[in-house]
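Please open the model in a viewer and switch to a cartoon representation. The tour proceeds by selection, from sheets to helices to charged side chains.

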Amino acid sequence: MAENKKIWPARLHHFALTSEQPGELADWYVRAMGYDKKSLGDGYILSGAERNLLILPGKKSQVAFSSYAVADQRQLVEVSKAMEVSGYEVQKFKTPFFSDDTVSVTDFDGNVFAFGMLCDGMSGKDELPGRLQHIVFTTTQLTKQVSFFTDAIGFRKSDTVLDTERDPTACFMRSDPEHHSLGLFRAPEARLDHFCFESNCWNDIRDWGDHFSDQRIPIVWGAGRHGAGNNLFIFVEDPDGNKVEISAEIETMTWDQAPREWPHEERTLNLWGTAWLRS
């Protein structure tokens with residue numbers, strides 16, 4: 001019998017970001033990221049060819065849900081069964097980008113993760129390359145959260161960061177060959193950390209930097225190169241203070257490639273200079 005790889009391969013397709021000023025935030029993303037905007041009740045659908053986002057009314061800088069696209073109905077059934085066998089409640093879920101048989105599960109921090117198949121006719125255009133590629137959260141219960149995503153859903157550990165006591169401070173997990181589509185950092189509170197759009201090469205990073213300059217959007221971290229993942233990066237912030245990463249050349253790994261360990265130091269997060277350490 002073929003091995004049940006659960007979520008593998010799946011990719012982050014869209015997520016729902018909440019804001020106390022959803023209209024202003026949506027307009028910023030149209031200007032900064034080139035989205036097409038459409039109303040969704042009191043919120044907005046922001047669509048691109050390979051980067052999609054929902055902006056919903058609510059508390060600032062919270063993620064209502066994150067959605068991963070699976071390949072087909074068979075995989076969706078396998079993911080659902082695997083989560084149920086692990087003892088987690090699987091619920092029907094609706095999101096405008098996915099078909100009606102989408103399901104969701106909630107992690108130990110209350111983050112909702114949806115899994116489904118793409119609807120037709122929901123994509124827009126991308127003037128600069130940058131597909132939505134990963135999302136990262138902070139947590140006060142890192143080990144428990146990592147076990148949830150790896151054991152119940154089927155994410156694969158790529159890199160774990162360890163402090164001097166060998167306690168984990170971060171974990172990067174993959175759901176397809178790219179180094180991580182989900183990351184977790186140990187921190188004093190559970191919240192959104194950042195999300196990332198993957199471009200193709202260093203020249204794309206340059207073009208994004210020029211675009212942000214034209215829009216008077218300052219780069220707040222970078223240019224740099226991550227140790228874990230080996231990808232080039234720059235970061236900007238949206239009006240709510242959410243950190244938005246543009247990345248290029250992220251490392252790829254096979255399904256069975258063994259996870260690695262990194263020390264908790266600045267070089268792990270930025271081989272080129274200073275780093276943003278969460279703990």
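Two strands are taken to pair if DSSP finds at least two bridges between them. The model is a predicted one.

**First sheet**

Begin by selecting strands E1 to E8. These eight strands form an open sheet with mixed pairing, in the order E2-E3-E4-E1-E5-E8-E7-E6. Strand E2 (36-40) and strand E6 (91-92) stand at the edges with a single partner strand each, so one side of each has no neighbour in the sheet.

Next, select residues 103-106 and 112-116. The former are strand E7 and the latter strand E8; the two run antiparallel and are joined by four bridges. Which residue of E8 is the bridge partner of serine 104? The partner is alanine 114.

Now add residues 22-33, which make up helix H1. Helix H1 lies across E2, strand E1 (11-19), strand E3 (43-47) and strand E4 (52-57), and runs at about 160° to E4.

**Second sheet**

Move on to strands E9 to E17. Here an open sheet of nine strands, again with mixed pairing, follows the order E14-E15-E16-E13-E9-E12-E11-E10-E17. Its edge strands are strand E14 (221-225) and strand E17 (260-263), each of which pairs on one side only. On average, neighbouring strands of this sheet are turned by 20° against each other, direction ignored.

Select strand E10 (residues 156-162) together with E17: the two pair in the parallel sense over four bridges. Within this pairing, arginine 260 of E17 is the bridge partner of aspartate 159.

Add helix H4 (residues 202-214), which lies across strand E13 (191-199), E14, strand E15 (232-237) and strand E16 (243-248). Helix H4 runs at about 20° to E15.

**Salt bridges**

Finally, display the charged side chains. The structure holds 13 salt bridges. One of them links aspartate 126 and arginine 51, at 3.8 Å from N to O. Aspartate 126 lies in the loop between E8 and strand E9 (131-139), and arginine 51 in the loop between E3 and E4, so this pair ties together parts that are 75 residues apart in sequence. Is each partner buried or exposed? Aspartate 126 is partly exposed, at 23% relative accessibility, whereas arginine 51 is buried, at 1%.

Return to arginine 260, whose side chain meets that of glutamate 251 in a salt bridge (2.9 Å, N to O). Salt bridges that share partners join Asp159, Glu251 and Arg260 into one network. Arginine 260 counts as partly exposed, at 29% relative accessibility.

Technical notes. Residues are numbered from 1 along each chain as its sequence is written. This is a predicted model: local features need pLDDT of at least 70, side-chain atom pairs count only at pLDDT 80 or more; totals for chains, interfaces and linings use all residues. Side-chain values use heavy atoms; hydrogens and water are left out. Contact means heavy atoms within 4.5 Å. Axes are lines fitted to C-alpha atoms, for helices over the stretch in contact, and angles run from 0 to 180 degrees between N-to-C directions. A salt bridge is a side-chain nitrogen of Lys or Arg within 4 Å of a carboxyl oxygen of Asp or Glu. Buried means under 20% relative accessible area, exposed over 50%, partly exposed in between (1.4 Å probe, protein chains only).
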